[in-house]
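Hi,

Here is the structure I promised to pass on. Have a look at it first, and then read on for what turned up when I went through it.

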Amino acid sequence: MPSTTPTSSDLLEFACPRCRQSVNERFYGPCAGCRAELRSEQIGAGGAGDAGSGQERTRFEPKMNVVPNHVATKDD
C-alpha cells in the first residue's frame, strides 16, 4: 500500500491567504493552524458538535409565487 504522507517534492511553498505566514502545504489554502481555528469557530457557532445552540432547524418550504398550469388543475 503506497504511503499517503506528502513528500517534500509534493509540498507547495506559499503565503497562507488568511494569516499571510509562509507555509509548505500540499494544496493552496489556509494553513493547518488556520484550518483548525476555522473548524473550532464553526463548531462553536452551532455546527455539528454544538447541540445546545438554541437554533432550531426548520424544513425548507419553497415559496409558491407561481400560478399552477391550467391543464394541470383541469377537472375531468
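Which residues form the largest nonpolar core? Five residues make it up: F14, C16, V23, C31 and C34. Before going further, please keep in mind that this is a predicted model.

**The overall layout**

The protein chain has two helices and two strands, and they come in the order β-β-α-α along the sequence. Of the 76 residues in the chain, 9% are buried. The accessible surface is about 7,200 Å², and carbon and sulfur atoms account for 53% of that. If you look at contacts with a separation of 6 or more, 0% of them link residues 24 or more positions apart.

**The cysteines**

With cysteines in that core, you will probably want to know about disulfides. How many does a search of the whole structure find? The count is zero. C16 is in no disulfide, and its nearest cysteine sulfur, the one in C19, sits 3.6 Å away. For C34, the closest cysteine sulfur is that of C31, also listed at 3.6 Å, which is too far for a bond. A disulfide, after all, is a covalent bond between the sulfur atoms of two cysteines, and the cut-off used here is 2.5 Å between the sulfurs.

Are C16 and C34 buried or exposed? C16 is buried, with a relative accessible area of 0%, and C34 is buried as well, at 6%. Leaving out residues up to four places away in sequence, C34 touches C16, R18 and C19.

**An aromatic pair**

There is one aromatic pair in the model. It consists of F14 and Y28, whose ring centres are 5.0 Å apart and whose planes meet at 50 degrees, so the pair counts as tilted. What does the pair tie together? F14 belongs to strand 1 (residues 12–15), while Y28 is in the loop between strand 2 and helix 1 (32–44), so the two rings connect parts that are 14 residues apart in sequence. The partners are not covered alike: F14 is buried at 12% relative accessibility, whereas Y28 is exposed at 58%.

**A glutamate that is buried**

E25 is worth finding in the viewer. You will see E25 in strand 2 (residues 22–25). This residue has a relative accessible area of 15%, and since buried means under 20%, E25 counts as buried. Its side chain reaches the backbone nitrogen of A32 at 3.5 Å. Beyond the residues up to four places away in sequence, E25 touches L11, L12, F14, C31, A32 and R35. Two of those names, F14 and C31, also appear in the core listed above.

**Where two loops meet**

Next, turn to P17 and G29. P17 is in the loop between strand 1 and strand 2, and G29 is in the loop between strand 2 and helix 1. How far apart are they in space? Their C-alpha atoms are 6.4 Å apart, although 12 residues separate them in sequence. P17 and P30 are 13 residues apart along the chain, and their C-alpha atoms are separated by 6.0 Å.

The contacts tell a matching story, again leaving out residues up to four places away in sequence. P17 touches Y28, G29 and P30, and G29 touches F14, C16 and P17. As for exposure, G29 is buried with a relative accessible area of 10%, while P17 is partly exposed at 33%.

**One backbone oddity**

Last on my list is R20, found in the loop between strand 1 and strand 2. What is unusual about its phi? R20 has a positive phi of about 65 degrees although it is not a glycine. Most residues other than glycine have a negative phi. R20 is exposed, with a relative accessible area of 61%. The C-alpha atoms of R20 and P30 are 9.2 Å apart, with their positions 10 residues apart along the chain.

If you open only a few views, I would start with the core around F14, C16, V23, C31 and C34, and then go to the F14 and Y28 rings.

Cheers

Key:
Residues numbered from 1 in each chain as written. Predicted model: local features only at pLDDT ≥ 70, side-chain atom pairs only at ≥ 80, totals over all residues. Heavy atoms only, no water. Core = buried A, V, L, I, M, F, W, Y, C linked by side-chain atoms within 4.5 Å. Buried < 20%, exposed > 50% of the residue type's maximum accessible area, 1.4 Å probe, protein only. Contact = heavy atoms within 4.5 Å. Helix = DSSP H or I, 4+ residues; strand = E, 2+ residues; numbered from the N terminus. Polar contact = N/O pair within 3.5 Å; in protein donor to acceptor, adjacent residues only side chain to side chain. Areas by Shrake-Rupley, 256 points an atom, 1.4 Å probe, with all protein chains shown as cover. Phe/Tyr/Trp six-rings, centres within 6.5 Å; stacked < 30°, edge-to-face > 60°.
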